[in-house]
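Reader: I'm new to this one. Could you walk me through how to read a pocket and what sits in it?

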Amino acid sequence: MKTMLNIALPKGRLGEKVYAMFEAAGFECPSIKENNRKLIFENEEVGVRYFWVKPSDVSIYVERGAADIGVAGKDILLEYEPDIYELLDLDLGKCRMAVAAMANFHDDPQRTLKVATKFVNITQNHYASKGRDIDIIRLNGSIEIAPILGLSDVIVDIVETGTTLKENNLNVIETVVPISARLIANKASFRFKNQQIEELTKKIRAQLEAKND
Ligand code: PRP
């Protein structure tokens, strides 16, 4: 029997695009397209087992070896710094991490800046690199409300189309880092399942190059 390659996919639209790339690379698993609520699918012939996980959990499965490889946003990798290998930028799920504020915001560098965010580590690193004192307010969602209600001066959050900011009268004042989806691997799996992982990586890289030609 073939060694199974365990792959954690981010549940949702991004994961579906990623699966299409893996399928085109020869790692197909037709049962994944059945319309049901199962979360694990395998194709023993090809030697793959896919599972759908919450996007922000992919790196946990991969770091701990429950998945050999997976696809995670660069935001999650920068925020949690999991001990994994980052193999490829998949050029999908592109957005940016940005600082945003209300249009009438004027920064006073002498004052401690109040920053609301879900991404505490990224935010701390960003302002530490500028030597700026901040007071972090950790929120779990609807970050855009914080400056409107005076809970914070600015927010650090993901901006994709910019619609959420616009509809809440906020402007980007600074880009922190560009974000995209990355193919990641468990460190031990990368050694012990190297042939399968290298083959997949090579084929995906070829798809990306063909797309950019
Ligand atoms: C993100 C982010 C913004 C929104 C930005 O939330 O927190 O609210 O997307 O996208 P836009 O620039 O295209 O409007 P997401 O939908 O990822 O979910 P979340 O509520 O879990 O943060």
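**Reading the ligand site**

Author: Let's start with one contact: an N or O atom in the side chain of Asp 157 is 2.8 Å from an oxygen atom of the ligand. Keep in mind that this is a predicted model.

Reader: Which other side chain has an N or O atom paired with an oxygen atom of the ligand, and at what distance?

Author: That's Lys 118, where the side-chain N or O atom and the ligand oxygen are 2.5 Å apart. Backbones can take part too: in Glu 160, a backbone N or O atom lies 2.8 Å from a ligand oxygen.

Reader: How much of the ligand's accessible area does the protein cover?

Author: On its own the ligand has 500 Å² of accessible area, and the protein covers 58% of that.

Reader: Which residues are around the ligand?

Author: To read a shell, list the neighbours, then sort them. Among them here are Glu 144, Ile 158, Val 159, Gly 162, Thr 163 and Thr 164. By type, the shell has two nonpolar, four polar and four charged residues.

Reader: Which element gives the most to that shell?

Author: β9 does, with three residues. Both β9 and α6 supply at least two residues each.

Reader: And what space does the ligand take?

Author: The largest pocket. Its volume is about 960 Å³. There are 39 lining residues, and the closest to the pocket centre are Pro 55, Asp 75, Cys 95, Ile 158 and Glu 160.

Reader: How does the lining of the largest pocket divide by residue type?

Author: You get 14 nonpolar, 13 polar and twelve charged residues. As for elements, α1 (13–24), α3 (74–80), β9 (154–159) and α6 (163–167) each give the lining at least two residues. So you meet β9 and α6 in the pocket lining as well as in the ligand's shell.

Key: Residues are numbered from 1 along each chain as its sequence is written. This is a predicted model: local features need pLDDT of at least 70, side-chain atom pairs count only at pLDDT 80 or more; totals for chains, interfaces and linings use all residues. Side-chain values use heavy atoms; hydrogens and water are left out. On a 1 Å grid over the protein atoms alone, a cavity is a set of points where a 1.4 Å probe fits but cannot get out, and a pocket is an open set with protein on both sides within 12 Å along at least five of seven lines; lining residues have an atom within 4 Å of a point. Grid points are joined across faces, edges and corners, and a volume is the space filled by probe spheres set on the points. Helices (H or I, at least four residues) and strands (E, at least two) are DSSP runs, numbered from the N terminus. Ala, Val, Leu, Ile, Met, Phe, Trp, Tyr, Cys and Pro count as nonpolar, Asp, Glu, Lys and Arg as charged, and the others, Gly among them, as polar. A residue is near a molecule or strand if one of its heavy atoms lies within 4 Å of it. A polar contact is a pair of N or O atoms within 3.5 Å; within protein, one must be able to donate a hydrogen and the other to accept it, and residues adjacent in sequence count only if both atoms are side-chain atoms. Accessible areas come from the Shrake-Rupley method with a 1.4 Å probe; for residues, only the protein chains shown count as cover. A molecule sits in a cavity or pocket if more than half of its atoms lie within 2 Å of its grid points.
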